[in-house]
Amino acid sequence: MLLVDADQPEPMRSGARELAVFLTPEPGAEAKEMEETIEGMLLRVEEFCSLTDMIRNDTSQILEENIPVLKAKVTEMRGVYARVDQLEAFVRMVGRHVTFLEAHVLQAERDHGAFPQALRRWLGTAGLPSFRNKPSAPAPPTYQLPALYRTEDYFPADARAATPRPPCHPRHL
């Protein structure tokens, strides 16, 4: 370090000043680098703010527009699910009725002998005497069809009036 004496002449002081200026680093380069760093950080902060604004706008749109639409669709789907459940119950009921009627048809065919009697008539017309001489069985009683369900009760023309009713004879299920 140079000690400058106040009593010394002026040339020594000016030389010390020149040396101090020469040895002091130039603040312009460091300041420029600092400004560039700050500009980059400000640019990133601005991008971050624009992203948060975009997210905030999207969130508002979702809350105000999309969620009410989704709620309406959920309510609509609950109605569809209820109709599907009713349709499944209807199909099960129809299946039980079909099984019931198949059993009745088989029993009626056994009781009334529909196929063998037709076969006897055909063989009788063919000229076989053994089939003509057989005594015919008494006339079987007529078949009484059980009352089941009406499809119109479950699928009316006006869909709003659709209230399924139980079948007429639950004992036949």
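A surface patch consists of residues with over 30% relative accessible area and no salt bridge, where like charges are joined within 9 Å and nonpolar side chains (Val, Leu, Ile, Met, Phe, Trp, Tyr) within 5 Å. The model is predicted: local features need pLDDT of at least 70 and side-chain atom pairs count only at pLDDT 80 or more, while totals for chains, interfaces and linings use all residues. Residues are numbered from 1 along each chain as its sequence is written, and side-chain values use heavy atoms, with hydrogens and water left out.

Q: What pattern does the protein chain follow when read along the sequence?
A: Helices (H or I, at least four residues) and strands (E, at least two) are DSSP runs, numbered from the N terminus. The protein chain holds five helices and zero strands. Read along the sequence, the pattern is therefore given under this DSSP rule as α-α-α-α-α.

Q: What percentage of the 173 residues in the protein chain is buried?
A: A residue is buried under 20% relative accessible area, exposed over 50%, and partly exposed in between (1.4 Å probe, protein chains only). The protein chain exposes about 15200 Å², with 62% supplied by carbon and sulfur atoms; such areas come from the Shrake-Rupley method with a 1.4 Å probe, and for residues only the protein chains shown count as cover. Of the 173 residues, the buried share is 9%.

Q: Which residues make a nonpolar surface patch of about 340 Å²?
A: One residue of the patch, Val80, has its place in helix H2. Val80 counts as partly exposed because its relative accessibility is 37%. The patch of about 340 Å² is made by Met77, Val80, Tyr81 and Val84.

Q: Which residues form a negative surface patch?
A: Asp and Glu count as negative and Lys and Arg as positive, whereas His and the chain ends are not counted. The place of a charge is NZ of Lys, CZ of Arg, CG of Asp or CD of Glu. One of the members, Glu39, lies in helix H2 (residues 27–112) and counts as exposed because its relative accessibility is 54%. The patch is formed by Glu30, Glu33, Glu35, Glu36 and Glu39.

Q: With which residue does Glu76 form a salt bridge?
A: A salt bridge is a side-chain nitrogen of Lys or Arg within 4 Å of a carboxyl oxygen of Asp or Glu, and by this rule the count comes to four. Glu76 is partly exposed at 48% relative accessible area, and its partner is partly exposed at 46%. The two residues are three apart in helix H2, so about one helical turn separates them. With the closest N and O atoms 4.0 Å apart, the partner of Glu76 is Lys73.

Q: Which residues are linked in a network of salt bridges?
A: Side chains of opposite charge can pair when their charged atoms come close. Arg150, partly exposed at 47%, meets Glu152 at 3.6 Å, N to O, and meets Asp153 at 3.8 Å, N to O. Glu152 is partly exposed at 48%, whereas Asp153 counts as buried because its relative accessibility is 18%. The network links Arg150, Glu152 and Asp153.
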